[in-house]
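Welcome! Here is a short briefing to help you find your way around this structure, one topic at a time.

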Amino acid sequence: MTAPLDVLVVGAGPTGLALAAQLRAYGSRFRIVDRSLDRVRESRALAIQPRTLEALAGFGVTEELVARGNPAMRLRMHLPGRVVTLPLFDIGLTDTAYPFLLFLSQAETEAVLSEHLATRDVTIERGAELVRLEVKESSVVCRLRDGDGSQEAVETRYVVGCDGAHSTVRAQTGIGFEGYAYPQTFLLADLEVDGLEPGAVHTYLSRAGMLFFFPLGSPAGWRMLAMRPPDTPELEVELPLLQKIADRYTDDRLTLRDPAWMTDFRLHNRGAASYRSGPCFLAGDAAHIHSPAGAQGMNTGIQDALNLGWKLALVCRGDASEELLGTYEAERAPVGRSVLRFTDRAFSIGTSSNPLIRFGRTKLAPRLAPLALRPPGLRGRLFRTVSELGIHYRRSPASTAGSRPPRSGPRTGDRLPDLPRGLQARTAAPGWHLLLSGPPPLWPDERLAPVLAGQADLVAVHRLDGQSPWPGVVHGLVRPDGYLGYVAQGADLDGLRAYLDRWLPTGRH
Ligand SMILES: Cc1cc2nc3c(=O)[nH]c(=O)nc-3n(C[C@H](O)[C@H](O)[C@H](O)COP(=O)(O)OP(=O)(O)OC[C@H]3O[C@@H](n4cnc5c(N)ncnc54)[C@H](O)[C@@H]3O)c2cc1C
């Protein structure tokens, strides 16, 4: 048996790759294995949300993703006789460097993450399948099988199942995956389309359902998504069938050609009963699967990983208490449940055959949506939900408000905004970041030294001096994943010290 690892990452999809990138940044002893011999070559998830772009920026990969992708700013709703254009984003949003949805195929996203890992000397062990795991007193023994059938036993402190919808880790730990399958079948294709305006998402609404075209770029110009019409159940997913569907929705105005990928699939809405069983964790599709409405799936998985990785790393290094690991489920399970609810509602509106919903879809929505979205406040709130910028952990046990929380600016549990611009880059290095707002003479080293005793190498100190998201004298502690664990007004640091004593107690005093 090999020497015990800190973490075994099972699965090298987007969730496992993001987790590996974070574990590598913290110097953890880990391995990442995947049973498939090659990474995904199909487009699958086609959009990266602003919060994911922010969260990946610390690894230096976001610029490359943006360079390869295709930001779309408009939604064009095609109705009989007219086209309604809606802004897809609140362009006025000032607190993110990425106020757009980035269209990029999952294959490219995985390629960028894999290349990043390669430059950090991380090997993705392909052709290695987890077949069994056994939880011992202080470790987990995992059996890996390779392509020729030989097996290896790997001992590790923690296992993370990033192994997708049919997760072996989930099955081996007996965690339930309750939910349901939708009755409809969907058709999906990456192909070229003549007759579509570039740089926009196009949707065609009808009583029968919806047809979408998303600007993809690679491996083809467009992603087509449609519900399979009931009168075509036996037909193969080939270009003539797709052209027939497009003709029905668009009155023969589009020509489809050069398909790179065509498939049909059923959708599910399921969530894991728990995100953890002892030393085994679930993340990404292993924990939640749902419809692609709103492009949340891959993004939620990557953010699961980035919530968990630093916690595992710090606990394994002895820099944080085990209690920190309990906050993973407390923080991410509510996010997963809300994604399941949100995507289910959006899916139902898009596909229902209920006459009232059909009427709303084809007659009311196109008329009311532009009016409803006009107030910038409402547009901003909608954008924050879909972009995942609005995710917060205010109710997490690891979020503690000081006795005098500031009256404006980000609160405990919120994501640190990128305002003033550059604040996120300043706090992107691995570790915690203490932000000190107000005149620098208020924050002499002598005042900070006893508070950070024993943890000075884990907490970077930033005197913001006017470049602060809060007015006045405030101190805030940013977690390694960019969320605020503690925020208080004034220069009394007793509350901060109590917070550090609770969550990073090892080595103090
Ligand atoms: C046809 C299709 C279209 C999609 N379209 C969209 C979309 O438009 N928008 C969107 O957001 N999402 C979409 N998705 C979903 C999206 O692809 C997933 O949400 C995303 O891939 C989840 O990433 P993951 O890393 O959690 O899991 P996965 O990408 O499923 O990765 C799991 C990995 O684990 C490996 N693995 C599994 N079992 C084992 C084992 N026992 N041992 C070792 N390795 C194992 C697998 O080989 C795989 O590489 C689509 C998915 C499909 C299939």
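Let us begin at a spot in a loop: at 48% relative accessibility, Asp 465 counts as partly exposed, because that value falls between the 20% and 50% cut-offs. This is a predicted model. The points below come back to Asp 465 and its loop, then turn to the ligand, two helices, two buried residues and a pair of cis peptide bonds.

**Loop residues with a positive phi**

- Asp 465 sits in the loop between strand E22 (459–463) and strand E23 (474–478).
- The phi of Asp 465 is near 45°, a positive value in a residue other than glycine.
- Most residues other than glycine have a negative phi.
- Asp 252 also has a positive phi, of about 65°, although it is not a glycine.
- You will find Asp 252 in the loop between H6 and E16.
- Is Asp 252 buried or exposed? Asp 252 is exposed, because its relative accessible area of 57% is over the 50% cut-off.

**Around the ligand**

- Which residues come nearest to the ligand? Of the 27 residues around the ligand, they are Thr 15, Asp 34, Gln 106, Thr 168 and Asp 285.
- Sorted by character, the shell around the ligand has eleven nonpolar, nine polar and seven charged residues.
- Helix H1 (14–25), strand E9 (128–135) and helix H7 (297–317) each give the shell at least two residues.
- E9 makes the largest contribution to the shell, with three residues.
- Backbone atoms take part too: a backbone N or O atom of Arg 35 lies 3.0 Å from a nitrogen atom of the ligand, and a backbone N or O atom of Leu 130 lies 2.9 Å from a nitrogen atom of the ligand.
- For Gly 297, a polar backbone atom is 3.3 Å from an oxygen atom of the ligand.
- How much of the ligand's accessible area does the protein cover? On its own the ligand has 990 Å² of accessible area, and the protein covers 85% of that.

**Helix H7**

- Helix H7 (297–317) is one of the elements that supply residues to the ligand shell.
- H7 is mostly covered, with 20 of its 21 residues buried.
- The end C-alpha atoms of H7 are 31 Å apart, which agrees with the 30 Å that 21 residues should span at 1.5 Å a residue.
- Just after H7 comes Gly 318, with a positive phi near 80°.

**Helix H6**

- Helix H6 covers residues 239–250, twelve residues in total.
- From its first C-alpha to its last, H6 reaches 16 Å, close to the 16 Å expected at 1.5 Å a residue.
- Which residues of H6 are buried? They are Leu 241, Leu 242, Gln 243, Ile 245, Ala 246, Tyr 249 and Thr 250.
- An α-helix has 3.6 residues a turn, so residues three or four places apart point the same way.
- The buried residues of H6 pack against strands, namely E12 (177–194), E13 (200–206), E14 (209–215), E15 (222–227) and E16 (255–272).
- H6 is followed by Asp 251, whose phi is positive, near 50°.

**Two buried residues in strands**

- Arg 223 lies in strand E15, one of the strands that the buried residues of H6 pack against.
- Arg 223 counts as buried because its relative accessible area of 5% is under the 20% cut-off.
- What does the side chain of Arg 223 make a polar contact with? Its partner is the side chain of Asp 190, at 3.0 Å.
- Leaving out residues up to four places away in sequence, Arg 223 touches several others, among them Ser 43, Arg 44, Leu 188, Phe 213 and Trp 261.
- Phe 103 belongs to strand E7 (residues 101–103).
- Phe 103 is buried, since 2% relative accessibility is under the 20% cut-off.
- Phe 103 and Gly 69 are 34 residues apart in sequence, while their C-alpha atoms are 5.5 Å apart in space.
- Beyond its neighbours within four places in sequence, Phe 103 is in contact with residues including Gly 69, Asn 70, Val 201 and Pro 215.
- Leu 46 is in contact with Phe 103 and is touched by Arg 223.

**Cis peptide bonds**

- Most peptide bonds are trans.
- The bond from Ser 218 to Pro 219 is cis, with omega near 5°, and Pro 219 lies in the loop between E14 and E15.
- The bond from Leu 419 to Pro 420 is cis as well, with omega near 0°.
- Pro 420 is in the loop between strand E20 (400–401) and helix H11 (423–426).

Definitions and conventions. Residues are numbered from 1 along each chain as its sequence is written. This is a predicted model: local features need pLDDT of at least 70, side-chain atom pairs count only at pLDDT 80 or more; totals for chains, interfaces and linings use all residues. Side-chain values use heavy atoms; hydrogens and water are left out. A residue is near a molecule or strand if one of its heavy atoms lies within 4 Å of it. A polar contact is a pair of N or O atoms within 3.5 Å; within protein, one must be able to donate a hydrogen and the other to accept it, and residues adjacent in sequence count only if both atoms are side-chain atoms. Accessible areas come from the Shrake-Rupley method with a 1.4 Å probe; for residues, only the protein chains shown count as cover. Helices (H or I, at least four residues) and strands (E, at least two) are DSSP runs, numbered from the N terminus. Ala, Val, Leu, Ile, Met, Phe, Trp, Tyr, Cys and Pro count as nonpolar, Asp, Glu, Lys and Arg as charged, and the others, Gly among them, as polar. The expected span of a helix is 1.5 Å times one less than its number of residues. Buried means under 20% relative accessible area, exposed over 50%, partly exposed in between (1.4 Å probe, protein chains only). Contact means heavy atoms within 4.5 Å.
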